[in-house]
Amino acid sequence: MKSREELEREVAVLGERIATLSAAVLRLGSSLDLATVLQEAADSARTLTRARYSLIVTVDEAGEAREFVTSGLDPEERRELAEWPDGPRLFAYLRDLPGPFRLSDLPDWFRVRGYSDELVREKTLQGTAMRHRGVQVGNFFLAGKEDAPEFSAADEELLELFASQAAAAIVNARAHQQERRGRADREALIAATPGGAVARVAARAGGGEGRAGADLEALIETTPVGVMVVDARTGLPVSSNREALRLVEPLRAPDRPVEALPEDVTCRFGDGRETALKELTLADVIQKAGTVRAEEVVLSAPGGLSVSLLVNATPIHGEDGAVASVVVTMQDLAPLEELDRLRAEFLGMVSHELRTPLAAIKGSTATVLGASPALDPAELHQFFRVVDEQADQMRGLIGDLLDAGRIETGTLSVSPVPTEVKELVEQARNAFQNGGATHAVLVDLPEDLPLVLTDGPRIVQVLNNLLSNAARHSPGSTPIRVAALRDGPHVAVSVSDEGMGVPAEQLPRLFQKYSGLGGDEGGRGLRGSGLGLAICKGLVEAHGGRIRAESDGPGQGTRFTFTVPAAEDSARAPVTARGRALPAGRNGEQAPVLVVDDDPRTLRFVRDALAQAGYAPLATGDPEELPQIVRTHRPCLVLLDLMLPGADGIELMETIPELADLPVIFISAYGRDETVARALQKGAADYLVKPFSATELTARVQAALRKRAGPETFTLGDLAVDYEARQVTVAGRSVRLTATEFDLLRILTLNAGRVSNYESLIRQIWNGPDTGDPDRVRTFVKQLRRKLGDDPKRPGYILNERGVGYRVPRPEE
């Protein structure tokens with residue numbers, strides 16, 4: 001039995017060890033710098049166990065060594081240990097031991113297992129794994145006990161306790177390092193990615209770091225620029241977006257993974273240097289030459305496959321100042337090279353098309369002026385006719401070029417007036433057939449087509465181009481069909497042929513400039529100038545319409561369809577002194593339209609265009625003012641910039657309740673199909689791509705408001721509502737309603753088939769907050785049902801959606 005003095009000494013020793021352990025743990029937690037934490041852990045472990053030397057080796061998820069930290073060794077001893085050939089094999093063995101270990105005769109243990117003992121300076125060794133939540137973070141190794149021949153069980157226990165605390169501190173420090181590196185990655189991505197301003201908006205958007213990171217991740221993943229983060233140490237990709245994978249996919253052999261590309265691909269730079277990709281270390285390049293900007297690179301794979309890229313590379317430095325990773329952005333040069341080729345062909349074609357009539361004119365005039373004896377009047381007339389025809393052809397080509405330039409800059413203007421579709425088609429058909437066409441033109445126009453708001457000569461120009469394009473691509477014996485029908489607030493006009501058709505993959509490119517995918521050879525169509533369908537698209541969109549092409553494939557013919565606004569309501573609208581239909585708002589006043597854009601020039605241009613068109617424009621550049629302006633001024637429509645400071649236009653449309661009840665037209669410089677599709681899918685009324693003309697702007701606004709206005713009447717069983725006259729009848733009996741009751745019925749019937757919730761009804765009728773009292777709505781619905789004779793127990797007109805709101809059935813239900 002131990003004496004009292006022995007027990008007191010043991011308690012004192014134990015208390016000292018606990019105090020030392022607690023102090024060591026506190027020192028570990030005082031820093032989040034990974035290098036500091038590792039060195040503190042190595043020093044504290046040596047102090048706790050009174051060891052002469054300590055070593056920490058951390059591991060990654062695969063168990064491979066990462067950091068190597070020592071305590072008690074001088075620099076030369078540390079270098080020798082790091083370069084010891086048996087080190088990796090020994091570490092792999094000790095790393096996988098199931099628990100802590102102690103060795104009392106280290107040299108003998110080495111000799112038995114075949115390890116070199118040239119570096120062995122101590123006889124005793126102990127070690128243990130560092131684990132955090134069951135995951136191995138690294139290993140402790142301690143050598144040489146200062147006050148005893150070997151390490152004790154108490155030393156082993158103390159080291160295990162400290163190892164668990166050290167593992168937690170290392171994990172926290174790594175997480176902090178990754179967060180800082182992630183932030184640096186985001187900043188580098190913003191700097192390196194074209195359109196970095198957009199990324200900054202995403203990064204500044206509300207919702208904190210997590211939201212900003214998620215927004216930026218989604219933005220980088222969907223950007224049309226390839227983005228790749230490369231580990232500077234290994235040269236291997238750490239992450240890449242969808243576009244980067246698409247760019248390198250053609251170089252990958254069918255039986256080889258993407259990771260093997262550095263082994264197979266060679267890289268040729270703009271200065272002629274060529275090297276294997278596996279021998280090219282981006283970190284070395286950047287260390288020597290700094291950030292890479294706009295470097296043209298050709299990647300080539302066996303078999304002759306190659307990809308031309310425009311590369312930018314930005315280094316991300318670690319805490320030690322060395323390059324830790326590299327952000328590489330890649331842009332496919334193939335479309336730009338194709339565009340250069342098409343432009344060169346276009347310039348050559350224009351030169352040829354201008355030289356041909358000039359040569360004919362020069363030849364005719366030279367013949368007339370140099371004729372001896374003088375030509376008779378009949379011969380002179382023929383030469384003058386040649387000059388006149390060739391001058392007309394030159395004028396047509398120059399007109400196409402000017403129109404294309406105006407469309408590109410948004411300055412193309414049209415003057416729409418109510419016009420008969422039949423009149424436009426007849427003008428185009430006569431001009432087409434008088435030009436020597438051999439195709440029959442079959443016209444199918446319904447008798448009840450409304451007038452259309454068009455600039456007549458411009459739409460005749462569109463039809464002429466489409467007819468010439470159809471004739472160029474179909475046999476002379478086949479007819480060309482022209483048809484039209486009502487399409488909501490528009491009239492759709494189509495031109496169809498039975499010719500060669502268009503492959504599905506080429507349809508989206510038909511309306512691009514210089515596409516060379518169709519047209520006539522006279523300088524007025526696609527194959528003549530590369531501008532015909534591009535001009536058609538610009539002219540139709542200037543009227544507020546759309547144009548599309550459809551084909552079932554080669555040999556199946558092609559149908560072009562464009563829309564123009566119907567004008568059947570124009571006779572009832574007030575008219576300005578210039579004869580244009582003036583948009584009417586509530587109570588016959590000018591319709592208020594709200595414009596939200598942070599660009600002062602765009603704001604001024606749109607405001608002036610709306611005012612000139614007869615609207616009452618409201619303008620702001622601050623999205624935070626939007627809800628208050630809507631509640632106060634109750635605009636009929638909102639023109640909303642897609643990208644605002646700290647805000648995304650589509651998110652504003654979804655999150656601001658006041659916008660839920662209004663048509664929203666987006667205005668943006670971003671015209672990618674997926675962006676436009678996303679806006680329209682989220683409920684936008686239309687989408688305008690900058691730059692646009694004042695004519696196109698007002699046409700789009702008019703079309704959206706006409707669509708918003710809906711039909712003139714509504715009928716459901718015995719119930720009939722005349723919106724224009726504000727009259728309601730049930731079975732022929734007139735029903736007197738208050739203004740609020742009629743507004744409630746108008747909203748419900750205009751949204752027939754859809755539920756109108758309490759919040760929306762309160763906003764639209766009383767212009768109140770969306771958290772208003774639903775009992776007010778219920779009271780007016782009760783009064784309205786009583787006046788309409790609608791049984792509340794079995795309603796036929798106004799149906800209750802419990803807890804949500806009300807709906808009116810569609811007439812066909």
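This is a short tour of a three-stranded sheet, the helix across it, and a cavity elsewhere in a predicted model.

Before you click: residues are numbered from 1 along each chain as its sequence is written, and side-chain values use heavy atoms, without hydrogens or water. As the model is predicted, local features need pLDDT of at least 70 and side-chain atom pairs count only at pLDDT 80 or more, while totals for chains, interfaces and linings use all residues.

**Stop one: the sheet.** Select 756–757 and 799–801, the edge strands β31 and β32, each pairing on one side only. The open sheet runs β31-β33-β32, with antiparallel pairing. (Strands are DSSP E runs of at least two residues, helices H or I runs of at least four, numbered from the N terminus; two strands pair if DSSP finds at least two bridges between them.) Add 805–807 and you have β33, joined to β32 by three bridges. Zoom in on Asn800, which stands opposite Tyr806 in β33.

**Stop two: the helix.** Now show 774–788: α25 lies across β32 and β33, at about 30° to β33. (Contact means heavy atoms within 4.5 Å; axes are lines fitted to C-alpha atoms, for helices over the stretch in contact, with angles from 0 to 180 degrees between N-to-C directions.)

**Stop three: the cavity.** Jump to Val421, Leu424, Val425, Val452, Ile459, Leu463, Val493, Phe562 and Val564, which line the largest cavity. Elements giving two or more residues to that lining are α14 (421–434), α15 (456–472) and β19 (559–565). α14 gives the largest share, three residues. The volume is about 40 Å³. (On a 1 Å grid over the protein atoms alone, a cavity is a set of points where a 1.4 Å probe fits but cannot get out; lining residues have an atom within 4 Å of a point. Points join across faces, edges and corners, and a volume is the space filled by probe spheres set on them.)

Methods:
On a 1 Å grid over the protein atoms alone, a cavity is a set of points where a 1.4 Å probe fits but cannot get out, and a pocket is an open set with protein on both sides within 12 Å along at least five of seven lines; lining residues have an atom within 4 Å of a point.
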